[in-house]
Amino acid sequence: MSRFQVRKVAVLGAGVMGAQIAAHLVNVKVPVVLFDLPAKEGPKNGIVTKAVEGLKKLKPAPLGVPENAALIQQANYEEHLELLKDCDLIIEAIAERMDWKLDLYTKIAPFVAPHAIVASNTSGLSITKLSEVLPEEIKPRFCGIHFFNPPRYMYLVELINTPTTRPEVIDQLESFVTTAVGKGVVRANDTPNFVANRVGIAGMMATMIEAEKFGLSVDVVDDLTGKKLGRASSGTFRTADVVGLDTMAHVVKTMQDNLKDDPFYSTYATPKVLAGLIEKGALGQKAGAGFYKKVGKDIQRLDFATGEYVAGGKKADEIVARMLKKPAADRIKLLRESTNPQAQFLWSILRDSFHYVAVHLDTVADTAREIDFAMRWGFGSQQGPFELWQAAGWKQVAEWVKADIDAGKTLSSAPLPAWVFEGPVAENGGVHSKDGSWSAAEGKFKPRAKLPVYERQAFPESLVGEGAVEPLKAGTEEFKNEEVRVWSLDGDVLIASISAKLHLISPTVTEGLLKAVEIAEAKYKGLVIWSPDDVFSAGANLEALMPVFMTKGAKGIAPEEKKLQDMMLRIRYANVPVVAAMRGLALGGGCELAVHCARRVAHMESYVGLVEVGVGLIPGGGGLTYIARRAAEMASAGNANADIFAFLKDGFTNAATAKVATSALEARKLGYLLDSDVIVPNKDELLFVASAQVKAMADSGYRPPLKATFPVAGRSGIATVKAQLANMRDGGFISQHDFHLASLIADVVCGGEVEAGALVTEEYLMALERKHFCSLLEHPKTQERIMGMLQTGKPVRN
Ligand code: NAD
């Protein structure tokens, strides 16, 4: 089989989904042409142009940087069908109408390249039925590709084959969607609403029915069914409002129309309240009203009894919240046995979900793994229903569900399938085992797909019961302290994993990282700083320095800060490459750690910046030194007489305004990532790519940079910045303390009171960082900012 290459993708339909899918494709550097109908008036690309413009304003941002909207090629079906011939993948995302989709397929068929994959993003139509109008030669290359909204952020993509889809086509697509697009693929059967929406929306319907039965209001239900239950924080009704009640009703209608023989059919009836809201046009967030309504600053809730909006914000009972903090087995037992109606409600919806997935497993998916991952990745649950059931004690929970079915308390009288009580699942204590996950259709445990793409994931997300090795217990351990584990998987690349809360850099972390560099130099090709969770490092741990500050004051902090700075330089000048594998937050000290590494491998969703001014401080772990050095490097790369100040301005402004990049692409624009750094779309491939970088750098004869002096902008640079800052202060745009902080930042990045062009060392600039950082610690306005942040978590403006 020759390698499937995607040189270009066509997206058909520039609506909510199509435009955002196109945006995400340019985020991950896949060339894309976006089609829509020709506009009736004005330029023929009018509809697409408007959609592309809209991408720049949409929140959450579909694009890593808004200017990348220009990379989306615009097209319409009247003038540009020829462009399809160059596309290796065509994703159809037009309005959800079978007849319109079929028309379009007929129209594009003559222009589809002989090898191209054609895939529909439909949420509810049968993929097999859609394939039926296609010419015979396209049918084997047609399947479903179901993205979730918003596609940049939702990890799930469901792939659905038809009886005529060639198996390698869907394998190729799975590999592309995983590595290049960065998504988690779940294979779904071609049943109504596929897996996530089927199970998820059935769950929301069940929740609405039970909420009514137990007389609970929408705010209480959302508090109970959000974070506290390990689900998406928006709970149930707010999720419906965000999705749009019309969209939800559409998904429900697919079930009503196509699932007449489903034992849960009666639960698919549109609830009266929902129908009423839709009739009124209260379609949720986009309409300003739904189950909730924003009135001024207040969020009011719908009162089911009167249909009026009333004051909301009621929370779950404390006793129930406490039950939800218990381990799974105790939690479910307590909920079931409690007489509290909220607890009874929660037991009921959990029971309903176990009942539902057990009854439907044989039809909707190949194994239980697909259902659990679909609920994690498509609905934001921490655990899928099967995992939770298994974690809580399979047999006991099964007995309780059965008892409720027998007592007529459940939403359907369908019995649990026999495999729940006898055979391999019962013996294993659940559907996930070391041999794979249960396939109800085939009556056996089936292992995960063996596609080569998954060899890039050393630690894919794992399910309860699979017995997967935890990353921080894997490999060969070389060193460990309370906050850092230093280990290796392959004997070539050493890994340092920070396990402290938010991976804050304390003296213990510094010790661990120094140790890692030492071991890497002695025995390995290089070092990767990587942790399995969703944060690189949120900064330096200021609280850990509190005891020193209390006893010795700011003076006591200077030597501690110097240790941090020395660690940064140790990493930069290590004899082996140190690579930062970044994901999530890399703020303050975390950002400084990353920029001192030889290279950065960053997940697309990396949030990077020097945020110290928010707490009244300046970057003091080498961040400003980095900005000064980079400016000198950039200036010298061009014209020998280039003005360093011109290259300094952006770096200065980013630090002085605590600007945080909201994607790896933006981090590159802000100068925290370099062109030579690597951006990785899939979070689970980060360690693989970072390790590959270490090996490639080592094998290419890596040498650390030579220590060198570099020129700074000096006192004239400081004077220029200060003049502008003074204007801003006098105009009331920044406070006196902001002015002070920005002046100190200017002082460091310009190299202090020296002539323009004077040569300095990193150590010299770091000493300036220390001097100003420590002076600020004693400044009352800074202390106010720090206290404010510690107490409220919000920056104080003073
Ligand atoms: P939308 O209404 O925002 O956009 C539909 C696009 O189709 C519009 O740009 C419109 O110009 C175009 N269009 C309309 N009639 C057409 C025709 N006859 N021929 C060609 N183009 C036509 O819709 P959307 O929400 O982006 O949904 C698109 C597809 O994605 C649907 O199949 C939907 O089920 C699916 N989907 C939607 C979501 C979601 O949350 N919105 C999520 C996953 C999948």
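Is L502 buried, partly exposed or exposed? In this predicted model, L502 is partly exposed, with a relative accessible area of 42%. The residue sits in the loop between β17 (493–498) and α17 (507–523), and its phi is near 55°, a positive value in a residue other than glycine. A second case of this kind is A658, which is not a glycine and yet has a positive phi of about 55°. A658 belongs to the loop between α22 (644–656) and β22 (660–661).

From these local details, the view can widen to the whole chain. The chain contains 28 helices and 25 strands, and it is divided into domain 1 (9–188), domain 2 (196–446) and domain 3 (477–705). Between the centres of domain 2 and domain 3, taken over C-alpha atoms, the separation is 42 Å. The C-alpha trace spans about 85 × 65 × 60 Å along its principal axes. For 798 residues, a compact globule would be expected to have a radius of gyration near 28 Å; the value for the chain is 29 Å, which agrees. Of the 798 residues, 56% are buried. Among contacts in the chain with a separation of 6 or more, 70% are between residues 24 or more positions apart. The exposed area of the chain is about 33,500 Å², and 55% of it is supplied by carbon and sulfur atoms.

The interior comes next. In soluble globular proteins, nonpolar side chains tend to be buried together. Here, the largest nonpolar core has 118 residues, and the members that touch the most other members are L12, F291, F386, W389 and W419. Helix α13 (residues 341–364) gives the most to this core, contributing 13 residues. Both domain 1 (9–188) and domain 2 (196–446) take part, each with at least three residues in the core. F386 offers a closer look at its surroundings: with neighbours within four places in sequence left aside, F386 is in contact with V357, A358, L361, A368, I371, D372, W394, W419, V431 and H432. Another core lies apart from the largest one and has 89 residues, among them F479, F645, C750 and I786.

Helix α5 (residues 167–180) makes a useful example of a single element. At 1.5 Å a residue, its 14 residues should span 20 Å, and the end C-alpha atoms are indeed 20 Å apart, which agrees. Which residues of α5 are buried? They are V169, I170, Q172, L173, E174, F176, V177 and T178. The cover over the buried residues of α5 includes the strands β1 (9–12), β4 (89–92), β5 (117–120), β6 (142–147), β7 (156–160) and β8 (184–188). After α5 comes G182, with a positive phi near 85°.

Two cis peptide bonds complete the picture. One runs from K59 to P60, with omega near -10°; P60 lies in the loop between α2 (46–57) and β3 (72–76). The other joins N149 to P150, with omega near 0°. P150 is placed in the loop between β6 and β7, and these two strands are also among the elements that cover the buried residues of α5.

How values were computed. Residues are numbered from 1 along each chain as its sequence is written. This is a predicted model: local features need pLDDT of at least 70, side-chain atom pairs count only at pLDDT 80 or more; totals for chains, interfaces and linings use all residues. Side-chain values use heavy atoms; hydrogens and water are left out. A nonpolar core is a set of buried Ala, Val, Leu, Ile, Met, Phe, Trp, Tyr and Cys residues joined through side-chain atoms within 4.5 Å. Buried means under 20% relative accessible area, exposed over 50%, partly exposed in between (1.4 Å probe, protein chains only). Helices (H or I, at least four residues) and strands (E, at least two) are DSSP runs, numbered from the N terminus. Domain bounds come from an automatic or database domain assignment. Contact means heavy atoms within 4.5 Å. The expected span of a helix is 1.5 Å times one less than its number of residues. The radius of gyration is taken over C-alpha atoms; the globule rule is 2.2 Å times the number of residues to the power 0.38. Accessible areas come from the Shrake-Rupley method with a 1.4 Å probe; for residues, only the protein chains shown count as cover.
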